[in-house]
Structures are given as structure tokens and as C-alpha cells.
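Visitor: I would like to go through this model with someone who can justify each label. Could we take the terms one by one and set each against its cut-off?

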Amino acid sequence: MMLDPQDMLRILCGAWFLPHAALKLKNAKLAQNTFASIGLKPGWLFLALTIIMELIAAAGLILNIYPQPAAALAVVVLAGASYAVLRMHGWNWRWNKSGPEFMIFWSAACILAVI
């Protein structure tokens with residue numbers, strides 16, 4: 001059985017959240033301090049909420065369980081990440097200059113994967 005390209009995109013969009021959540025767990029103190037440094041306090045709360053939202057979005061997109069709400073949650077997480085990089089590094093569009101370009105692209109891919 002072959003997956004159609006839209007299903008493959010949906011699964012990939014979800015799977016990309018897994019290493020992000022894992023790295024936040026592995027480097028929890030650093031991630032917590034990063035949240036706090038951009039004004040999202042308490043950092044541990046925003047860290048926990050972000051990890052939970054990433055895992056829910058990943059599961060929904062990968063397993064095709066409520067994919068539209070999962071994609072919407074993914075966009076919320078990625079909007080938060082875009083805010084964080086802009087807050088930390090100033091306005092730079094390109095990802096290689098710590099800009100939100102990749103997160104905005106990923107958000108669009110999440111939406112396109114479930115419509």
C-alpha cells in the first residue's frame with residue numbers, strides 16, 4: 001500500500017516534532033532558561049506546555065487522529081517558536097541567521113497536509 005503525497009507530508013510534519021521535544025527534554029534546564037529569557041515565565045511551565053503540545057501535534061499528524069486540530073496546534077507551537085527566535089535574535093528572515101523562515105514554511109506544510 002502506498003501513501004499518497006499529502007499523507008506522507010502530514011506524517012513528516014508530525015515526525016519533525018519528535019526530535020524537537022526530545023531535545024527539550026534532554027536539555028530541559030537550558031530550554032527552561034531560554035523560555036524565561038524571552039519573557040515566558042515561569043520557564044519550566046512554558047517548557048512543559050510546549051513539549052506536551054509538540055507531542056500531541058506529532059501524534060495527531062502521524063497517526064491521522066484529528067489531523068486538522070493537530071495541525072492547528074502545530075501552527076501554534078511554531079508561531080511560538082517564531083516569536084522566540086525573533087525575540088532572541090531580532091528580525092532576520094532566513095533560518096541560517098536564526099530567523100523564522102523554516103518555522104513559517106513548516107506551519108504552511110502542516111496546514112497543506114490536512115486540507
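Guide: What follows is a set of questions about a predicted model, each answered from a value and the rule applied to it.

Visitor: Let us begin with a charged residue: why is Arg-10 called buried?

Guide: Arg-10 belongs to helix α1, and its relative accessible area is 6%; because buried means under 20%, Arg-10 counts as buried.

Visitor: Which residues does Arg-10 touch, leaving aside those up to four places away in sequence?

Guide: Arg-10 is in contact with Leu-61, Ile-62, Leu-63, Asn-64, Pro-67, Ala-113 and Val-114, where contact requires heavy atoms within 4.5 Å.

Visitor: What makes the pair Asp-7 and Arg-10 a salt bridge?

Guide: Side chains of opposite charge can pair when their charged atoms come close. The cut-off is a Lys or Arg side-chain nitrogen within 4 Å of a carboxyl oxygen of Asp or Glu, and the closest N and O atoms of Asp-7 and Arg-10 are 3.2 Å apart, so the pair qualifies as a salt bridge. Asp-7 and Arg-10 are three residues apart in helix α1, which means that about one helical turn separates them.

Visitor: Is Asp-7 buried or partly exposed?

Guide: Asp-7 has a relative accessibility of 26%, and since the partly exposed class lies between the 20% and 50% limits, Asp-7 is counted as partly exposed.

Visitor: How many salt bridges does a search of the whole structure find?

Guide: The search finds two. Besides the pair in helix α1, the side chains of Glu-54 and Lys-24 meet in a salt bridge, with 2.9 Å from N to O, a value that falls within the 4 Å limit. This pair links distant parts of the chain, as Glu-54 is in helix α4 and Lys-24 is in helix α2, 30 residues apart.

Visitor: Why are both partners, Glu-54 and Lys-24, called buried?

Guide: Glu-54 has a relative accessible area of 3% and Lys-24 one of 17%; because the buried class takes values under 20%, both are given that label.

Visitor: How do you know that the buried residues of α2 line one face of the helix?

Guide: In helix α2, which covers residues 17-26, the buried residues are Phe-17, Ala-21 and Lys-24. Viewed down the axis of α2, these buried residues fall within an arc of 60°, and therefore they line one face. On the other side of α2, Leu-23 and Lys-26 are exposed. The buried residues of α2 pack against α1, α3 (28-37), α4 (43-63), α5 (67-89) and α6 (101-114).

Visitor: What makes Ala-21 a buried residue, and which residues does Ala-21 touch?

Guide: The relative accessibility of Ala-21 is 2%, and because the cut-off for buried is under 20%, Ala-21 takes that label. Not counting residues up to four places away in sequence, Ala-21 touches Ile-51, Glu-54 and Leu-55, so Glu-54, the partner of Lys-24 in the salt bridge, is also within the 4.5 Å contact limit of Ala-21.

Visitor: How do you know that the length of α5 agrees with the expected span?

Guide: At 1.5 Å a residue, the 23 residues of α5 should span 33 Å, and the C-alpha atoms at its ends are 32 Å apart, so the two values agree. After α5 comes Gly-90, whose phi is positive, near 80°.

Visitor: Which residues of α5 are buried, and what covers them?

Guide: The buried residues of α5 are Pro-67, Ala-70, Ala-71, Ala-74, Val-77, Leu-78, Ser-82, Ala-84 and Val-85, and their cover includes α1, α2, α4 and α6.

Visitor: Why can Leu-12 belong to a nonpolar patch on the surface?

Guide: Leu-12 lies in helix α1 (residues 5-15) and has a relative accessible area of 42%, which makes it partly exposed; because patch members need over 30%, Leu-12 meets that requirement. Leu-12, Trp-16, Trp-95, Phe-102 and Phe-105 form the patch, with about 560 Å² of accessible area together.

Visitor: What class does Met-8 fall into?

Guide: Met-8, also in helix α1, has a relative accessibility of 41% and so counts as partly exposed. Met-8 and Ile-62 are 54 residues apart in sequence and 9.0 Å apart in space, from C-alpha to C-alpha.

How values were computed. Residues are numbered from 1 along each chain as its sequence is written. This is a predicted model: local features need pLDDT of at least 70, side-chain atom pairs count only at pLDDT 80 or more; totals for chains, interfaces and linings use all residues. Side-chain values use heavy atoms; hydrogens and water are left out. Patches are made of residues with over 30% relative accessible area and no salt bridge: like charges are joined within 9 Å, nonpolar side chains (Val, Leu, Ile, Met, Phe, Trp, Tyr) within 5 Å. Accessible areas come from the Shrake-Rupley method with a 1.4 Å probe; for residues, only the protein chains shown count as cover. Helices (H or I, at least four residues) and strands (E, at least two) are DSSP runs, numbered from the N terminus. Buried means under 20% relative accessible area, exposed over 50%, partly exposed in between (1.4 Å probe, protein chains only). The arc is that of the directions from the helix axis to the C-beta atoms. The expected span of a helix is 1.5 Å times one less than its number of residues.
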